[in-house]
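Visitor: I should like to learn how to read the features of a protein model. May we begin with a bend in a helix?

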Amino acid sequence: MNRREMIKAAGSAAAMSVLGIPLFAKDKPDKEFKKRKILVIGAHPDDPETGAGGTMCLLTAAGHEVVCVYLTRGEAGIPGKTHAEAAAIRVKEAEAACKVTGARHIFMDQIDGNTEINLQRYKEMRELIDSEKPDIVLTHWPIDGHRDHAICGSLVVDAWRRLDRYFELYYFEVMSGTQTQMFHPTDWVDIGSVRDQKYKACYCHVSQNLEDLMRDWHDPMERFRGIECRCFAAEAFAHHTAPVSLV
């Protein structure tokens, strides 16, 4: 839903579409309903949930397939724990979060804090995305202050180009201003009806103490995006559109 559409829909209980995907109830037969697949690709466990958790909840509730792809297992994310110990904890947390959002999960094999961008890593991301055949991919804004986030976004946008842009690509934001930099949304999703569910999923990541992060960063960010599109709270996305061919 773009800004104009969101403003027009202001005051309604829920938008009729999310990022161009119709939100028909999955238990309501409708000839126009077409199940879509959406990949949400984040650098660490908790990134998909914090950046696009509300949107994921709306889409799964409507009967669409959502897949959370985690580039790493968060190996460096728990002080005092070895990489193996931290990964085991954070994988379980991500699995619990996916149960809340209704998403399926996939873990790639890069290492938290030591992610790479090279020909082999480009190939891995391209092959994973193509094996899933998504209609839409959501991922990190490539201009991000966190190196893992920036690398994740760059790997995905390269796959999009190499795969002839057959899926729609959108970027999400996390902690804009300190992590996501110079973010200019094109689309907004009203998450007011599922905000509690989103936060429940985020709080599954117990090891990350997300209560403080959500209160200090994501709550103000969601409120601000809501002001932009005249609702209580929203997640914002930047649509990476393909250039018009001049040939």
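Guide: The bend at a residue is the angle between two axes, one fitted to the seven residues ending there and the other to the seven starting there. Helices (H or I, at least four residues) and strands (E, at least two) are DSSP runs, numbered from the N terminus. This is a predicted model, in which local features need pLDDT of at least 70 and side-chain atom pairs count only at pLDDT 80 or more, whereas totals for chains, interfaces and linings use all residues. Residues are numbered from 1 along each chain as its sequence is written, and side-chain values use heavy atoms, with hydrogens and water left out.

Visitor: Where does H7 bend, and by about how many degrees?

Guide: H7 bends at His 218 by about 40 degrees, and Pro 220 follows within four residues. The helix covers residues 210–228, 19 residues in total. From its first C-alpha to its last, H7 reaches 25 Å, close to the 27 Å expected at 1.5 Å a residue; the expected span is 1.5 Å times one less than the number of residues.

Visitor: How is burial defined, and which residues of H4 are buried?

Guide: Buried means under 20% relative accessible area, exposed over 50%, and partly exposed in between (1.4 Å probe, protein chains only). In H4, Arg 121, Met 125, Leu 128, Ile 129 and Glu 132 are buried. On the other side of H4, Leu 119 and Ser 131 are exposed.

Visitor: Why do the buried residues of H4 line one face of the helix?

Guide: An α-helix has 3.6 residues a turn, so residues three or four places apart point the same way. Seen down the axis of H4, the buried residues fall within an arc of 95 degrees, so they line one face of the helix. The arc is that of the directions from the helix axis to the C-beta atoms.

Visitor: Against which elements do these buried residues pack?

Guide: The buried residues of H4 pack against strands S3 (37–42), S4 (65–72), S5 (104–110) and S6 (136–140), and against helix H5 (147–162). Contact here means heavy atoms within 4.5 Å.

Visitor: What is found at the two ends of H4?

Guide: At the N-terminal end, Asn 118 caps H4, with a side-chain oxygen 3.1 Å from the backbone nitrogen of Gln 120. A polar contact is a pair of N or O atoms within 3.5 Å; within protein, one must be able to donate a hydrogen and the other to accept it, and residues adjacent in sequence count only if both atoms are side-chain atoms. After H4 comes Lys 133, whose phi is positive, near 50 degrees. Lys 133 lies in the loop between H4 and S6.

Visitor: How should a positive phi be read, and which residue between S7 and S8 has one?

Guide: Most residues other than glycine have a negative phi. Met 175 is not a glycine, yet has a positive phi of about 50 degrees. Met 175 lies in the loop between S7 and strand S8 (187–190) and is buried, with a relative accessible area of 13%.

Visitor: Is Thr 72 buried or exposed, and what does its side chain reach?

Guide: Thr 72, in strand S4, is buried, with a relative accessible area of 0%. A polar atom of the Thr 72 side chain lies 2.9 Å from the backbone oxygen of Ala 43. The side chain of Thr 72 also reaches the backbone nitrogen of Gly 74 at 3.2 Å.
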